[in-house]
4 protein chains.
Amino acid sequence: MYNREVKLSGHIIDSLILPKALDRILDMGGDFKFMEFTVGKLKGDISHAKLLVEASNETLLGEILDELSEIGAVVVELKDVELLVSEKDKTLPADFYSTTHHPTEIHYNGKWITVEDIEMDCMIVVDKTAERALCRPIGQINKGDHIVVGRDGIKVMPPERPRGKQGVFEFMSSEASSEKPIESIIKKIASEIKEIKKRGGKIAVVSGPAVVHTGSGPILASMIKEGIVDIIFAGNALATHDIESALYGTSLGTCVKTGEAVRRGHRHHIYAINEINKAGSIKEAIDKGVLKKGIMYECIKNDVPYVLAGSIRDDGPLPDVITDVIEAQEEMRKYVQDVDMVIMISTMLHSIATGNLLPSHVKSICVDINPATVTKLSDRGSAQVVGIVTDVGTFLPMLYNELKTEQ
Amino acid sequence: MYNREVKLSGHIIDSLILPKALDRILDMGGDFKFMEFTVGKLKGDISHAKLLVEASNETLLGEILDELSEIGAVVVELKDVELLVSEKDKTLPADFYSTTHHPTEIHYNGKWITVEDIEMDCMIVVDKTAERALCRPIGQINKGDHIVVGRDGIKVMPPERPRGKQGVFEFMSSEASSEKPIESIIKKIASEIKEIKKRGGKIAVVSGPAVVHTGSGPILASMIKEGIVDIIFAGNALATHDIESALYGTSLGTCVKTGEAVRRGHRHHIYAINEINKAGSIKEAIDKGVLKKGIMYECIKNDVPYVLAGSIRDDGPLPDVITDVIEAQEEMRKYVQDVDMVIMISTMLHSIATGNLLPSHVKSICVDINPATVTKLSDRGSAQVVGIVTDVGTFLPMLYNELKTEQ
Amino acid sequence: MYNREVKLSGHIIDSLILPKALDRILDMGGDFKFMEFTVGKLKGDISHAKLLVEASNETLLGEILDELSEIGAVVVELKDVELLVSEKDKTLPADFYSTTHHPTEIHYNGKWITVEDIEMDCMIVVDKTAERALCRPIGQINKGDHIVVGRDGIKVMPPERPRGKQGVFEFMSSEASSEKPIESIIKKIASEIKEIKKRGGKIAVVSGPAVVHTGSGPILASMIKEGIVDIIFAGNALATHDIESALYGTSLGTCVKTGEAVRRGHRHHIYAINEINKAGSIKEAIDKGVLKKGIMYECIKNDVPYVLAGSIRDDGPLPDVITDVIEAQEEMRKYVQDVDMVIMISTMLHSIATGNLLPSHVKSICVDINPATVTKLSDRGSAQVVGIVTDVGTFLPMLYNELKTEQ
Amino acid sequence: MYNREVKLSGHIIDSLILPKALDRILDMGGDFKFMEFTVGKLKGDISHAKLLVEASNETLLGEILDELSEIGAVVVELKDVELLVSEKDKTLPADFYSTTHHPTEIHYNGKWITVEDIEMDCMIVVDKTAERALCRPIGQINKGDHIVVGRDGIKVMPPERPRGKQGVFEFMSSEASSEKPIESIIKKIASEIKEIKKRGGKIAVVSGPAVVHTGSGPILASMIKEGIVDIIFAGNALATHDIESALYGTSLGTCVKTGEAVRRGHRHHIYAINEINKAGSIKEAIDKGVLKKGIMYECIKNDVPYVLAGSIRDDGPLPDVITDVIEAQEEMRKYVQDVDMVIMISTMLHSIATGNLLPSHVKSICVDINPATVTKLSDRGSAQVVGIVTDVGTFLPMLYNELKTEQ
């Protein structure tokens, strides 16, 4: 029998980490013995377990340890991470380690160092000189990079379910349902936002054009103006319809005030793009007095950065849109690590894109009228995202109202 | 060639009645000649067309006339309706006429008489003594009833699309979409409601339990108390969760204020039923001081009638529930003909049930977060229903707010 | 400190029963000590834990024990159940015990007796003479019934997740998604069905009319004829459209072969009801040679029982429909306890109705194109139901094909 | 009064073109007189109408003519189109003409010339030397281009509804519903495909990764191999999961054969990208014997072109992906004008992108389990697309089966 000692500690009982670990060991055909087991009893107390994991062959033992590492188990007998060199740009050595979006440390040169810019489905590149560990997507791997392989010396710290206090992230089951008391959910989100802002935290909004179509554009613009929103991730459609709505009062040709279709209104978004193209950029259109209100206007007036990522369905696009999607991802990466909360509104595309880049500690809310959007987000790994199935056209006004009245 | 003259009049051009008629004649293999054609040009003007419809045999001619009658064409050479006698309860003679939900008249004893209580998929029973025409479902046909058969002497008056003024029923396409400016839609509905109330009209609400689950129960209760709602159609679930929420603050065991699951809360709806059963009825529970607020409370306190129809999934049910569905339908029939507007909220079952009973002139709104509910309602014949895809938890508070502030 | 010893045994580690128990104790403000703890290591081995549960007052201790009892914990120091008498029909004494749908035993007169006909949200009535415990809904409680109250002497046995073999009920997460390999899911269901039939088990189908609308009626009819389906739960709509389709080739007026709308076809379902009303019942229509094929035909020809429950949206209804929903529930109760598997197809109403009556050991599949149907079923307590988001029009043909070819 | 004569001809009665024209004139406050009106009576006959359109001022008359031109009315007194010059790249002169996706001609130098590469929301650029009219998106307008402005000399030919024969594009209402007989719909699509292939037509498939997730990848691969599919539009996700599935048997880490989650399977798509990156491209991976089957394999082996457009959510991406979305659009434009039919499967993003580029004569089918996808496609102008609400995991196998067995 091959064996190895692993340690688990934290709220491993109630966060279900220990039972999951035991379950997987048995499921994979391994076995275990408890070496130590201390259960923390008070709220906040921590439990410890030391297990001897056993398997009939070395490969199986490796696979089991691999699984356990993902849920936070650490091999007791410490080894340094193993490194192999990439032989060609954008390629990886065999058995490379693929990251989770949880905080991760590697044991290198005898000490634990934190992996910077953690993000899921990436690789860990070690800068030997600086003794730094960097999380990098495959597209940024360069020939000669030292890449972590195997499973030794890696520590993953999955988030634990906090006991007691029920914030919006605790009380909502991940399963999205429209049959929830939406006003109280909005109240909780508002109070979470206020807490984040009070301590100087940052809030990102990822938004599809439905925010404008449903008439909530001015609300989002106010939230930017008032410093509630610190960064916008969106696409050409949001910006174009926001500008269309600022210039012509319509969105996709429908009057956003009355909801009535405007004659020839379906041409307005091309008019809007034409005006910005004439000016040179959104900023220049503002400087020239062409654009005087709206989401994009408030972003520029209040130095709130935005990333407009191109998509294959874009008309135009606006000059501010980054048409190369990999460049756009890089631009988004500049902001995600600093963000405390992300509110994703009515955009499966940009929500999944942002979800891919987010560390697991960032509180994320996905608001969509379609429950499938939330399900898909979870299927793609962003299980920490709280899904709210509601109408964005009513969600934003009510959230904003709550943010104002409760202060 | 067999032929027959038919007349069409009204806004037959812009309501597309004339082109549809011509189209169907050709499609079915018939032919036509224009005998007269006057186009109304001013807003409100009426057009007239007299057509000679031709077909190669009598059956085909009959079928074509049959089709045309449904869209409002009237055979010029007037004949009385043909009547046949039902030979057994709940059965019909061959070739019986099946009603639409549009206003309908029959030519009987040389004059046009209105069919009373018009409703789709029913039969016309003629009371020869009183010279009255009554719309009856198959389940209410008695042996010996005189039933309209064939297609002579029947005039159907489908609604025309009014020109000019855009109420909510005109500007919304029937196709339900969540990407509409919801606040302006709510404003239009509010103004429609206020107009109806001003002229003494009646408003029915058909509601599923989601109104309570999403926390909007108190809003609906206020709308009843303030005389906005004149009749409630619902099921055991709405009433039970309303009472659960009044007695224990929960709905399906979830606190409607905080959205948090309450320990053992899933038993509360049985507690609620138990309390009403002890008292004897909802009214007695109010009289005894057990039930002190909520939707059902306001109905009883304000003499707003309600029909609670049983369903196969009911727990309990409450003593006020009519467990026989055919009896419940009869009870609903007492109210639908007098209603000016119906607001259907989050219940496919009761919405389709109500839609089946409604004359086409009743303005109907179906609010649901699921676009499929609205599509199904249309598939089942209630094409006049305006579908609004939004969250009921936010719809009712915003509608109520609009009703209060705009007065 | 108040305390009580409880025992947990079974696959309490990997079915997450033990950690959930510890978690709830701490969450509710109680405390625990491990008295014994044996972990089963081999597949199939059983773990045992004996805990001393502590709380600062007796009420809290009671509440904690209450929670624990639901997940299968049994108080070590055995007491008999406490009984109180109902003082009025359909009413319950305070603190009555509300059942889960898991197998349940009560300790009465010094021994464990099984609660018969277990069903969720019901009460346990003890027949003192016969020493039997019967599960009864509130509507069937009679004055004088002895009803279990409190929490002593009750043992609930929640199902455990089996290790190893992955049947369809194990490998599918409860979260419904349309992005799953549907052919392999159908294969697994087919093999599960064949296994059940081989050992003489019974399969119920709960079906909405979409089975007929989508053209799969003949498939379901074949499954009945060939003895695969043992009982049908449905409503008037399924039966009416099935008969419409047998008599006129249409469903809701659309030709089920070509998908084209048939002229005047929307009257066919009334014709169908008329024909059955003339004959007197579905059986008589078959005896008279009027009805010659279809789902209802095969039910009657093959002595497969059916329960047609009335609903408020019914046209007609057919004479075989039980229009009183409480009577219809009672009729369904006659069958559910004997069933091994339930396949729910495209009907939220009848699926929830059936889910309410099912013991948790019955394997249940809910097939619907709308993910919300499955979510709602879970929200209402039927968490054991496996949801499959697919098109019923393609599901049944593929399932049937699989059932035939793999034999 | 200002007036102008316009002509309408074709199936203007039954395609509702004439009544719509009259309706809009009145709605906008104009008036009309019939100068000529000949109704075609036999199937295939054509109707002609000459109308004098009147308005109280010139602007209004212009607006009315503008509206009429979109539905196919042609001003009788012919003028040449008016041209203005673009003063800066990507910008347009005031009052530029924005195209529909219907066949369009312009009157230039005294004769009608066809606008090449017609596509919605674009501009008409006139090459004066070559006397050619080219449809160009705003992003491709160069300084100095001669651009059509105003409304003179433009003829739009919207498609007419063919009478009689009911192909899949005629019998299906645009409203997407899951309650349709899916097998007969699939049969009709199959026969449409066979007809197109028989006459040498081209079929494009636009597909999301759900085709692979649901296990239908091998079916699509066969359709490519057998020459049924002539061009593939997709994104990185489809290609990556197709290759993942070819190399490791999984899609998003789920085994496509058994539907079971594979340990560490969520890393497989990175492995797949790594393998292609190592080889250099998909083609090189095939040449080196790394990739041996699947959708992309068959594309390359059978010279079926593909356009893989980048998106902001891409992992990797594969070297074959065009990461600049505007370049990717250009690549798609090379193929769309030649295509006879487009089948869009489970991808809102790429479906809308393709819909934007398609001329209205291309038969388009959008298959999605979510009815909202189809609704959104229509909202964005692609009203000619037939929506089929079904499960792609069952749709493709049944379609392929139909294509094979009916030959």
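**Stop 1: a helix across a sheet in chain C**

Select residues 17-27 of chain C, helix H1, and show strands E1 (2-10), E2 and E3 of chain C with it: the helix lies across these three strands. Its direction makes an angle of about 160 degrees with E1(C). Keep in mind as you look around that this is a predicted model.

Now hide the helix and look at the sheet itself. In what order do the strands of this open sheet of chain C come? Reading across, you meet E2-E3-E1-E4, 4 strands with antiparallel pairing. Colour strand E2 (31-38) and strand E4 (74-75) of chain C next: they stand at the edges. Each has a single partner strand, so one side of each is left without a neighbour in the sheet.

Zoom in on the pair formed by E2(C) and strand E3 (residues 47-55) of chain C. The two run antiparallel and are joined by 7 bridges. For a landmark in this pair, pick Phe37(C), which has Ala49(C) of E3(C) opposite.

**Stop 2: helix H1 in chain D**

Move over to chain D and select its helix H1, residues 17-27. How many of its 11 residues are buried? The count is 8, so described here as a mostly covered helix. To see them, show Ile17(D), Leu18(D), Pro19(D), Lys20(D), Ala21(D), Leu22(D), Ile25(D) and Leu26(D).

What do these buried residues pack against? Within chain D, the partners are strand E1 (2-10), strand E2 (31-38), strand E3 (47-55) and H2. Add chain B to the view as well, where helix H1 (17-27) is also a packing partner of H1(D). Then step past the end of H1(D) to Gly29(D), which follows the helix and has a positive phi, near 95 degrees.

**Stop 3: where chain D meets chain A**

Show chains D and A together. Their contact takes 43 residues from chain D and 43 residues from chain A. To find the side of chain D that touches chain A, highlight helix H2 (58-70), helix H8 (268-279), helix H11 (325-336) and helix H12 (348-357) of chain D, the elements that give two or more residues to it. Colour this side by class and you will have 14 nonpolar, 15 polar and 14 charged residues.

What relates these two chains? A turn of 180 degrees and a shift of 0.0 Å along the axis lay chain D on chain A with an RMSD of 0.1 Å. That is the relation of a two-fold axis. The same surface serves both copies, as 98% of the contact residues of chain D recur in chain A. To locate the axis, select Asp324(D): of the residues of chain D, its C-alpha comes closest to the rotation axis, at 2.0 Å.

**Stop 4: where chain B meets chain C**

Switch to chains B and C. Here the contact takes 42 residues from chain B and 42 residues from chain C. On the side of chain B that touches chain C, helix H2 (58-70), helix H8 (268-279), helix H11 (325-336) and helix H12 (348-357) of chain B each supply at least two residues. This side has 13 nonpolar, 15 polar and 14 charged residues.

Chain B superposes on chain C by a rotation of 180 degrees with 0.0 Å of shift along its axis, at an RMSD of 0.1 Å. In chain C, 100% of the contact residues of chain B recur. Your marker for this axis is Asp324(B), the residue of chain B that comes closest to it, at 2.0 Å (C-alpha).

**Stop 5: Asp314 in chain C**

Stay with chain C and centre on Asp314(C), in the loop between strand E16 (306-309) and helix H11 (325-336). Is Asp314(C) buried or exposed? Asp314(C) counts as buried because 24 C-beta neighbours lie inside 10 Å. Leaving aside neighbours within four places in sequence, Asp314(C) is in contact with Val325(B), Asn236(C) and Val321(C). Draw a distance from its C-alpha atom to that of Asn236(C): the two are 78 residues apart along the chain, yet separated by 6.3 Å.

**Last stop: all of chain A**

Zoom out to chain A, which has 14 helices and 19 strands. Its C-alpha trace spans about 80 × 50 × 35 Å along the principal axes. Colour it by the domain assignment: domain 1 (1-76), domain 2 (78-161) and domain 3 (168-405). The centres of domain 1 and domain 3 of chain A, taken over C-alpha atoms, are 42 Å apart. Of the 407 residues of chain A, 56% count as buried.

Methods:
Residues are numbered from 1 along each chain as its sequence is written. Chains are lettered from A and ligands numbered from 1 in the order in which they are written. This is a predicted model: local features need pLDDT of at least 70, side-chain atom pairs count only at pLDDT 80 or more; totals for chains, interfaces and linings use all residues. Two residues are in contact if their C-beta atoms, placed from the backbone, lie within 7 Å. Ala, Val, Leu, Ile, Met, Phe, Trp, Tyr, Cys and Pro count as nonpolar, Asp, Glu, Lys and Arg as charged, and the others, Gly among them, as polar. Copies are superposed by least squares on the C-alpha atoms of residues with pLDDT of at least 70 in both. A residue is buried if 20 or more other C-beta atoms lie within 10 Å of its own, exposed if 12 or fewer, and partly exposed in between; C-beta atoms are placed from the backbone. Two strands pair if DSSP finds at least two bridges between them. Axes are lines fitted to C-alpha atoms, for helices over the stretch in contact, and angles run from 0 to 180 degrees between N-to-C directions. Domain bounds come from an automatic or database domain assignment.
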